[in-house]
Amino acid sequence: MFSSMMSLLAASLAVGAEPTPQYTLKFAETRRIEAVLTYEITMPKLAAQEWIVYAAKAPELSGQIQPSATMEPGGKASVELSPERRPVMMARVSAQNGRTHEIILHVKYQATLRSRELTPIKAGRAAPAVASLLEKARQAALELGGEFDWKTEPVQKWIRDHRLERKKDESDIDFARRVFVAIKRNFTYEFKSEMNRHASAVCKAGKSDCGGLSQFLVTILRGNEIPARTLVGRWAQSSKTKELVGDLPYYQTHVKAEFFAAGIGWVPVDIATGLLDEKGDGLSCFGHDPGDFLVMHVNPKMRLDSIHFGKQDVECLQGPAYWVMGRGGLEPTVTHEKWEVRTLP
């Protein structure tokens, strides 16, 4: 969620920061990929005049570099309207040339994926220098409210019940690991097409999907002055015909998280996959990212200008968001989706 995260700025250590890092992050390029999302929308009772379409534009992050994105037909670079101003692609497509009842969209991404491994520093070895976050990026990754409703009583009660108050001098890594283990032990995974993913709703339910679990984790970290954010995207592998999650088609969509540990950098966390690890403690998903995931944007809730229908909030932009101006009926609406990933030379 913020492509400026690699920028440098000398700054004092934040509350709870580690004066002497005990870990370092090791990086390795895994592969450069091209991923193409094909999305077909058909509304047989509609006489469309104009389609308004948005797609996410993958940001540069520590886990992916040199990203690019295009959208056809007519995609142009833009930004969404929330305070985060995340990059998107936007198109206004005339319904001429046979697009009165349907539109076919092609969104193409390229990026070099990188693995990340949180590794203890051997005795006597110096930690590599890691710059602090720019203040603007830091504050954005500490923002509370909305889905990250830290101050609500359900969240605070859950913290008390599970003794997750941060200890004096507890490092960013040690506290984040305690939070991860507590969620792993006390939550179950559940996916529904419509879910309340606010942190307060997640902790009351004791279950959620990858988006809700990641937002709950991020909420607790932000509430303890550790910059954190969710990573919204898709696995870097092609979708499979008839693959389902619950009773819905699955197109490799997923949400992870990462937090910024002082002196170390952005540490990856995949709480949902860790939760589904029935035989282990799930910690293979803490501080370890094999470099097999394409991030489309950071954090939930994009705000988009639908042009004809005002500003609209979209929870996650893992596929196109669209609005259409015309005559007739929107129902039935039939969509077909394909996610194809290949490794580039």
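Let me start with K256, which sits in strand β12, residues 253-261. Keep in mind that this is a predicted model. Is K256 buried or exposed? It is buried, with a relative accessible area of 7%. If we set aside the neighbours within four places in sequence, K256 has contacts with S214, R229, T230, L231, W235, V269, D270, D289, D292 and F293. Some of those names come back when we look at charges: K256 belongs to a network of salt bridges that also takes in R116, R229, E258, D289 and D292.

Just ahead of that strand is Q252, in the loop between β11, residues 248-249, and β12. Its phi is near 70°, a positive value in a residue other than glycine. For background, most residues other than glycine have a negative phi, and most peptide bonds are trans. Q252 is buried, at a relative accessible area of 1%.

There is another positive phi at R163, with a value near 50°. R163 comes just after helix α2, in the loop between α2 and α3. Here the side chain's setting is the reverse of what we saw for Q252: R163 is exposed, with a relative accessible area of 68%, whereas Q252 is buried.

Since we are at α2, let us look at the helix itself. Which residues of α2 are buried? In this helix, residues 153-161, they are V155, W158 and I159. These residues span an arc of only 100° around the axis, so they lie on the same side of α2. The cover over them includes α3 at 172-186, α4 at 199-205 and α5 at 210-223.

Helix α3 also has a salt bridge of its own. D174 and R177 are both in α3, three residues apart, about one turn of the helix. Their side chains meet in a salt bridge, 3.1 Å from N to O. D174 is partly exposed at 33% relative accessibility, and R177 is partly exposed as well, at 22%.

Now the salt bridges in general. How many does a search of the whole structure find? The search finds 20 salt bridges. One of them joins E34 and R342, with the closest N and O atoms 3.1 Å apart. That pair links distant parts of the chain, with E34 in strand β1, residues 23-42, and R342 in strand β19, 308 residues apart. E34 is buried, with a relative accessible area of 11%, while R342 counts as partly exposed at 44%.

A further pair is E315 and R197, again with the closest N and O atoms 3.1 Å apart. This one also links distant parts of the chain: E315 is in the loop between β17, residues 311-314, and β18, and R197 is in the loop between β7 and α4, 118 residues away. E315 counts as partly exposed at 28% relative accessibility, and R197 counts as buried at 11%.

Next, strand β2, residues 46-56. Nine of its 11 residues are buried, so the strand is largely enclosed by the rest of the structure. What does it pair with? Eight bridges join β2 to β18, residues 321-328, and the two run antiparallel. Within that pairing, A48 has G326 as its bridge partner. Seven bridges join β2 to β5, residues 87-94, also antiparallel, and there V53 stands opposite A91.

Following β18 onward brings us to the loop between β18 and β19, where L330 is placed. L330 is partly exposed, with a relative accessible area of 45%. Apart from neighbours within four places in sequence, it is in contact with M43, L46 and V324. L330 and H101 are 229 residues apart in sequence, yet 9.6 Å apart in space, C-alpha to C-alpha.

P332 is in that loop too. The peptide bond from E331 to P332 is cis, with omega near 0°. A cis peptide bond also joins E72 and P73, with omega about 5°; P73 is in the loop between β3, residues 64-72, and β4, residues 76-79.

Last, the surface. Y189, F191 and L276 make a nonpolar patch of about 260 Å². Y189 lies in strand β7, residues 188-189, and is partly exposed, with a relative accessible area of 31%.

Key
Residues are numbered from 1 along each chain as its sequence is written. This is a predicted model: local features need pLDDT of at least 70, side-chain atom pairs count only at pLDDT 80 or more; totals for chains, interfaces and linings use all residues. Side-chain values use heavy atoms; hydrogens and water are left out. Buried means under 20% relative accessible area, exposed over 50%, partly exposed in between (1.4 Å probe, protein chains only). Helices (H or I, at least four residues) and strands (E, at least two) are DSSP runs, numbered from the N terminus. The arc is that of the directions from the helix axis to the C-beta atoms. Contact means heavy atoms within 4.5 Å. Patches are made of residues with over 30% relative accessible area and no salt bridge: like charges are joined within 9 Å, nonpolar side chains (Val, Leu, Ile, Met, Phe, Trp, Tyr) within 5 Å. Accessible areas come from the Shrake-Rupley method with a 1.4 Å probe; for residues, only the protein chains shown count as cover. A salt bridge is a side-chain nitrogen of Lys or Arg within 4 Å of a carboxyl oxygen of Asp or Glu. Two strands pair if DSSP finds at least two bridges between them.
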